[in-house]
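Colleague: Thanks for sharing the model! Could we walk through it together, a few points at a time?

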Amino acid sequence: MMMSKELIVILAICKSLLPCAYATTFDKPVLPLSPIMLDIFELEFNRFPKSEAITCTMSNHRNNSRNGKIDKNYRWKNFNIQPDPAYDKREYRLINDALYNLMEALPCITFGIWPPNSKPTGDYVYIIKGTKNGCNSPVGRIGGRQEMNLQSPGCMSVGTIMHEMIHALGFYHEQSRPDRDNFVEILWDNIQPEFEFAFDKYPDSDVSTFGVPYNYESIMHYKGHDFSKNKQPTIVAKNGAKVGSVGYLQETDIQKLKLMYECL
Ligand SMILES: [Zn+2]
């Protein structure tokens, strides 16, 4: 179908000045829009000083009884989010783009955004901006409203936002896999004591690898020095590989999402 020139112009404006959705009210979530503006300018948006980057801690780590990721009750049919109205258009845009990337990776469930001032119904993730709340999310679907923290600055890159959304979809960190000791060594003596929990390993009664190989560059993998108390590494690969997400979805991340959601 041919689109009129005017419609193309309107769509282009909408995509560059998200969210046009602010202008009206909605009784259902809207689809994330294609990040068609991912040019050099856009990539600049995704870059922020490393000194600002905050490492994710998840948020229901102390309640393992709710963590049964093998349990299908924690999965979503409609993964809907609602961003805090405090996010500016650039930040909203990054959230949109992260959700869009996941929608492309996982075509067998739906993804949607409740515009900031709409009244969501059903299960959804409310994303809180804040300045000191860190980057964290419960693992899996809780039911009704659940909260994700994406503070700004600190968490607002497409890679970090996807990481938190993948927690909400049901995955722990790559280095928490039941088989992680075959691949990495955790250097406990270098970890800040209050963050030792973040390096816990989960049993295969709760967590499945879905048969997908360990990936040191998974978007869900900590970097080698995360939560170090002495600038020494906290995780090293047993084969000498560099460890840590490079900020992009890896093929193994997509495979695991598809296997969890029986999307193959
Ligand atoms: Zn995380």
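Colleague: Let's start with Lys-256: is it buried or exposed, and what is its relative accessible area?
Modeller: Please keep in mind that this is a predicted model, where local features need pLDDT of at least 70, side-chain atom pairs count only at pLDDT 80 or more, and totals for chains, interfaces and linings use all residues. Residues are numbered from 1 along each chain as its sequence is written, and side-chain values use heavy atoms, leaving out hydrogens and water. On our scale, buried means under 20% relative accessible area, exposed over 50% and partly exposed in between, with a 1.4 Å probe and protein chains only. Lys-256 is therefore buried, its relative accessible area being 6%.

Colleague: Which residue does the side chain of Lys-256 meet in a salt bridge?
Modeller: A salt bridge here is a side-chain nitrogen of Lys or Arg within 4 Å of a carboxyl oxygen of Asp or Glu. The partner of Lys-256 sits 2.5 Å away, N to O. That partner is itself buried, at 1% relative accessible area. The residue is Glu-174.

Colleague: How many residues apart in sequence are the parts that Lys-256 and Glu-174 tie together?
Modeller: Helices (H or I, at least four residues) and strands (E, at least two) are DSSP runs, numbered from the N terminus. Lys-256 belongs to helix H5 (residues 251-260), while Glu-174 is in the loop between helix H4 (158-169) and strand S6 (184-186). The pair therefore links parts whose separation in residues is 82.

Colleague: Which Arg also forms a salt bridge with Glu-174?
Modeller: The closest N and O atoms in this pair are 3.5 Å apart. The Arg is buried too, with a relative accessible area of 5%. It is Arg-177.

Colleague: And which residue forms a salt bridge with Arg-180?
Modeller: Arg-180 counts as buried at 5% relative accessibility. Its partner is partly exposed, at 34%, and the closest N and O atoms are 2.8 Å apart. That partner is Asp-181.

Colleague: Which residues do salt bridges with shared partners join into one network?
Modeller: Two of the links are already familiar: Glu-174 pairs with Arg-177, and Glu-174 also pairs with Lys-256. The network joined by shared partners consists of Glu-174, Arg-177, Lys-256 and Asp-179.

Colleague: What arrangement do the four donor atoms make around the zinc ion?
Modeller: Donors are N, O and S atoms within 2.8 Å of the metal (3.2 Å for Na, K and Ca), and sites may look incomplete because water is not among the atoms. The protein donors are Cys-56 (SG), His-163 (NE2), His-167 (NE2) and His-173 (NE2), at 2.0 to 2.1 Å from the zinc ion. Four donors count as tetrahedral if all angles lie between 85 and 135 degrees. The angles here are 99 to 120°, so the arrangement is tetrahedral.

Colleague: What spacing do the donors of the zinc ion follow along the chain?
Modeller: His-163 is in helix H4 and His-173 in the loop between H4 and S6, 10 residues apart. Both His-163 and His-173 are buried. Written along the chain, the donor spacing is C-x106-H-x3-H-x5-H.

Colleague: What is the volume of the largest cavity?
Modeller: On a 1 Å grid over the protein atoms alone, a cavity is a set of points where a 1.4 Å probe fits but cannot get out, and lining residues have an atom within 4 Å of a point. A volume is the space filled by probe spheres set on the points, which are joined across faces, edges and corners. The lining includes His-173, Glu-174, Arg-177 and Lys-256, residues we have already met. The volume of the largest cavity is about 70 Å³.

Colleague: Which helix gives the most to the lining of the second largest cavity?
Modeller: This cavity holds about 40 Å³, and Ile-166, Phe-171, Met-220, Asp-253, Lys-256 and Leu-257 line it. Three residues of the lining come from one helix, namely H5.

Colleague: Where is the cis peptide bond that runs from Ser-152?
Modeller: Its omega is near 5°. The proline involved is in the loop between strand S5 (145-150) and H4. The bond leads from Ser-152 to Pro-153.

How values were computed: Tetrahedral: all angles 85-135°; square planar, octahedral: opposite > 155°, others 65-115°. 1 Å grid on protein atoms, 1.4 Å probe; cavity = no way out; pocket = protein on both sides within 12 Å on 5 of 7 lines; lining within 4 Å.
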